[in-house]
Amino acid sequence: MKCQRCNKADAVFSFTMIEKGTKDVSTVELCHVCASDMSPYIARMMQRSGINELLSELIKGKMADEAATSVGAEALLPDVEPCSTCGLKFEQYKATLMLGCPDCYDSFGEHLLADIRRMQGTDAHLDVPGPAVEDEPVTTSAVKGTPPAPDAAMRLKAMRAELQDCIENEDFERAAFLRDEIRKLSTEAGPK
Amino acid sequence: MSAEQEGSGQLGPSAAGWLEGTAPLAHVALSSRARLARNIAKCPFVPHAQAEALDITLDKVLKAADRSPALVNFERVSLDNMSIDQRAYLKELRLISQELERGGHARAVLLSSDRKVSIMVNEEDHLRMQCIEPGLQLEKAVARLEAIEAELAAVLPFASSRRFGHLTACPTNVGTGLRASVMLHLPAITITREMENIMAGLTRRGISVRGFQGENSEFLGDFYQISNEVTLGRTVETIMRDLLGIIRNLVEREEETRHKLAKEKGPIVEDAVWRSYALLTYARRIASKEAMMLLSRLRFGIERGFFPALSHETLNRLFIEIQPAHLARTTPPGRGEDPSARDEARALFLRGQLANAQRQ
């Protein structure tokens, strides 16, 4: 069907709005240009990935909740405290995909981690300690209240998932590389 | 920026440093680029920062550059002091991004004298450091960039954490802050449509593919910018190794397909090359999209020895030099704005460059 806003291109996104209070539901079908206009989130992701990746992400259902949150439905956003250092609200981050200051990474906790996982396939950097910022207390857990993430275990999990994919797609060169990396990481980390 | 901190903004006769010199694999690779994103510790990120905060970060960067032997002689250019044409010129050369080209408060760029390194200040992050080398020389670009980053890190505290590595305004860059990319010219595997299939596989492996001007949908001139998407949870070495493996694969496939096309479809390819050459050397008006396509065909002609006076490197330069701001530098002033005047200027330029391509 055609986009309900411009009536020219084919619709590829479906936005569902649930009215706060009355819970009335209305749906609008949009093409990727109009969807980008209505959702800065989608506009941003379109900038960074092609339309094909965007559509495959959507099909996997990963973006459905984010797309809904930027169409004026603030009631659907999780209740997250603004950053204690710069005051940026979580909605402001969501609308632009830009954080306000270095401390936002800690402030927004698990909700930001979900985005990071989707963008990067992991939610932590390497095992080796990065350069410490002057005068900052070094914490082993970046997110208060949660245990420190076992970086190696997470990477192993991601690599095993990718290996499965490669075998299914007959990308044996990549599969061989992953198999070697997994072997290396497993022996370093000890028995799991 | 104070008057003594600014450069003349003239950029000299040419800013095209990276287009010169030997370019390894010039027949398939136009350029290799490495970019590192860094932010200054305890300072607000650019996108939501107030003007005063941006003045502070710019000042910190300039003072750090003063104390850094590698950077003290870089030319400093404030975006506000550049004309639209000058900004577009730098963007066409990939020395600044489209984002920085727009200008804005406290935005500047520091350029190395050989014009291969550019350090953008207050783009999306406080620092976007970039090194471009011609052809396939990604390791060289990364090495130079890391050396500069190390010098700056000694005089400027970067925002980072143990968990996330280097902290960036957008989480898509967090961790290494590295975007490594190579601009490949792949006319053969575009024609045979192999590239369509390859692209889907690349996205699954965390590699992004963009067009000549960073676009998602069109691939003008059969150019593909191949870069890493993932910046977190990997070292710079791993990112580079993976990317180069894929690049080498693509180069091989392109070379094989060029041979195959020459062998199995020789006459058809030859005809396409000469038709392109004819248009390029006789047209009086040519838009950039068509020019890119025609120039792309010439690649096969160079490989077949039709154009002894035209090298792969020269062809690569032409793709850059037909862009609007480049043409404006040679077009008489006042005519540059009118698109049809630009198309005429482009045709004139190409006739001049290609007329003698067949001479020994």
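Which pattern does chain A follow, read along the sequence? Chain A of this predicted model runs β-β-α-α-α-α-α-α-α-α-α.

**View 1. Secondary structure of chain A.** Chain A has nine helices and two strands; these are DSSP runs numbered from the N terminus, helices being H or I with at least four residues and strands E with at least two. Of its 192 residues, 37% count as buried (under 20% relative accessible area; exposed is over 50%, partly exposed in between; 1.4 Å probe, protein chains only).

**View 2. Contacts and surface of chain A.** Among contacts (heavy atoms within 4.5 Å) between chain A residues at least 6 apart in sequence, 38% join residues at least 24 apart. Chain A exposes about 11100 Å² (Shrake-Rupley method, 1.4 Å probe), and carbon and sulfur atoms supply 54% of that area.

**View 3. Helix H8 of chain B, residues 266–282.** The 17 residues of H8(B) should span 24 Å at 1.5 Å a residue (1.5 Å times one less than the number of residues), and the end C-alpha atoms agree at 24 Å apart.

**View 4. The two sides of H8(B).** Buried in H8(B) are B:Gly266, B:Val269, B:Val273, B:Ser276, B:Tyr277, B:Leu280 and B:Thr281. Down the helix axis these residues fall within an arc of 120° (directions from the axis to the C-beta atoms), so they line one face of H8(B). The cover over them includes chain B helices H7 (236–264), H9 (288–303) and H12 (339–354). On the face turned away from the buried side, B:Pro267, B:Ile268, B:Arg275 and B:Tyr282 are exposed.

**Notes.** Residues are numbered from 1 along each chain as its sequence is written, and chains are lettered from A and ligands numbered from 1 in the order written. Local features need pLDDT of at least 70, side-chain atom pairs count only at pLDDT 80 or more, and totals for chains, interfaces and linings use all residues, while side-chain values use heavy atoms, with hydrogens and water left out.
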